[in-house]
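Here is a short report on one protein model. Please keep the sequence and the 3D view open while reading.

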Amino acid sequence: VLLGITLLGVLAAPFVITIFAPGFVESPDKIALAAEMLRWTFPYLLFISLTALFGGVLNTYNRFAIPAVTPALLNVAIIAVVIFVAPNLSRPIMGLAIGVFAGGILKLVLQIAAATKLGLVGPIRIGFRDPGVKKIMRLMAPAMFGASVSQINLLLDTLIASLLTVGSISWLYYSDSLVEFPLGVFVIALATVILPNLSRQFTRGDNEMFSQTLDWALRLVIMNEIPAAVALSVLARTLLATIFLYGECGLHDLEMASESLMAYSLGLIAFILIKILAPAYFSRQDTKTPVKIGIVAMIVNLCLNLLLMGPMGHTGLALATSIAAFVNAGLLFNGLRRR
């Protein structure tokens, strides 16, 4: 299925760009370049999805190190290609796209090697009638949506940002990158570790231990991430200047990106709560509730985007995402409290 979607995305790249960046329509050169880059980056969908599959399997065997270190390979590949390959290309920016492609392959190869050592990789068989496969397919669609609400909201931000001032997409990207840092370093790792434990506790009917594990995880991430949120807001300009202020990124870009970073930082606590609370539902094999809540959050995000984009520009999009994240996290938390 993924292979089919990937081939479709590669072949229909210009059409995909037109849908998700409608602001590029007036510039054929932009669409052509974006489509060319998308043809290199779209296969990453196949690689990263299979990587996530193998990573999930390894986690159930309490093998957390390989899945945890794997994301770094993407950065390694991008940096290596940018340094050694990009200068020799007619369009050096294509080096970024090629780096994503190479990083995806590296990540998948490492996961497969680790799974093979455990004797988990055998011949590929298609068995849609298998009871286990049927159960996974029944649970997967809503779980997929519930876990990706933040990414969908970010996609909406990008779509609307393409209609705003030139540079808006880049400013949101710079600020989002720094918000993702504390999430990726600590929260994702914790969410990954607690999911199989919560699943085991729920299966055993140990509700008290389930509650204690979730309580411990929430306290731990809040204790660590409140200082991170404050730091991102107070040091927004300093952090962005240190990392991005060179080359084509000027003082105006720095100012604009710092505004959206401060807006995103307001929602950091909500982003981390979602990453911990959603797995609690999934571990109970309840994939429908996060979807219902996610739809509410998406509607809130879209309405606020349309309301705030006029007076606040790209900063309004970031603020809308943060507010919608609090709505999402609040409803998830309230649902678990009631149970």
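## Leu240 and the nonpolar cores

Leu240 has contacts well beyond its sequence neighbours. Leaving out residues up to four places away in sequence, Leu240 touches Tyr174, Leu178, Leu245, Leu254, Ala257, Ser258 and Leu261. The model is a predicted one.

Leu240 also belongs to the largest nonpolar core, which holds 50 residues. Val179, Leu240, Leu268, Ile272 and Ile276 are the members that touch the most others in this core. Eight stretches of helix are worth tracing here. Two or more residues each come from α9 (149-161), α10 (168-204), α11 (207-234), α12 (236-244), α13 (251-266), α14 (268-283), α15 (288-312) and α16 (314-338). There is also a second, separate core of 10 residues. Among its members are Ala13, Val16, Ile17 and Phe42.

## Salt bridges

How many salt bridges does a search of the whole structure find? The count is 4. Three of them are described here, one by one.

Glu36 and Arg91 meet through their side chains, with an N to O distance of 3.4 Å. Glu36 sits in helix α3, and Arg91 sits in the loop between α6 and α7, so this salt bridge ties together parts that are 55 residues apart in sequence. Both ends are partly exposed: Glu36 has a relative accessible area of 34%, and Arg91 is at 39%.

Arg237 pairs with Glu255, and their closest N and O atoms are 2.9 Å apart. Arg237 is in helix α12 and Glu255 in helix α13, so the pair ties together parts 18 residues apart in sequence. Arg237 counts as partly exposed at 39% relative accessibility. Glu255 is partly exposed too, at 31%.

Asp215 and Arg219 form a salt bridge within one helix, α11. Their closest N and O atoms are 2.8 Å apart. In sequence they are 4 residues apart, about one turn of the helix. Is each partner partly exposed or exposed? Asp215 is partly exposed, with a relative accessible area of 36%. Arg219 is exposed, because its value of 59% lies over the 50% cut-off.

## Aromatic pairs

A search of the whole structure finds 4 aromatic pairs. One of them joins Trp40 and Phe101. The ring centres are 5.4 Å apart, and the planes are at 90 degrees, an edge-to-face arrangement. The pair links distant parts of the chain: Trp40 is in helix α3 (residues 28-41) and Phe101 is in helix α7, 61 residues apart.

Trp40 is partly exposed, at 34% relative accessible area. Phe101 counts as partly exposed at 25%. Together with Phe47, these two residues form one aromatic cluster.

## A nonpolar surface patch

Ile79, Val82, Ile83, Phe84, Val85, Ile93 and Leu96 make a nonpolar surface patch of about 620 Å². Which helix gives the largest share of the patch? Helix α6 (residues 72-84) does, with 4 residues.

Leu96 is found in helix α7 (residues 94-117). Its relative accessible area is 38%, so Leu96 is partly exposed. That value also lies over the 30% cut-off that patch residues must pass.

## Asn59 and Ala241

Asn59 lies in helix α4 (residues 44-60). Is Asn59 buried or exposed? Asn59 counts as buried, because its relative accessibility of 9% is under the 20% cut-off. Apart from residues up to four places away in sequence, Asn59 touches Phe64, Pro67, Thr192 and Pro196.

Ala241 is placed in helix α12. Ala241 counts as partly exposed, at 24% relative accessibility. Pro67, one of the contacts of Asn59, gives a reference point for Ala241. Ala241 and Pro67 are 174 residues apart in sequence. In space they are 31 Å apart, C-alpha to C-alpha.

Terms used: Residues numbered from 1 in each chain as written. Predicted model: local features only at pLDDT ≥ 70, side-chain atom pairs only at ≥ 80, totals over all residues. Heavy atoms only, no water. Patch = residues over 30% accessible without salt bridge, like charges linked within 9 Å, V, L, I, M, F, W, Y side chains within 5 Å. Areas by Shrake-Rupley, 256 points an atom, 1.4 Å probe, with all protein chains shown as cover. Buried < 20%, exposed > 50% of the residue type's maximum accessible area, 1.4 Å probe, protein only. Core = buried A, V, L, I, M, F, W, Y, C linked by side-chain atoms within 4.5 Å. Contact = heavy atoms within 4.5 Å. Phe/Tyr/Trp six-rings, centres within 6.5 Å; stacked < 30°, edge-to-face > 60°.
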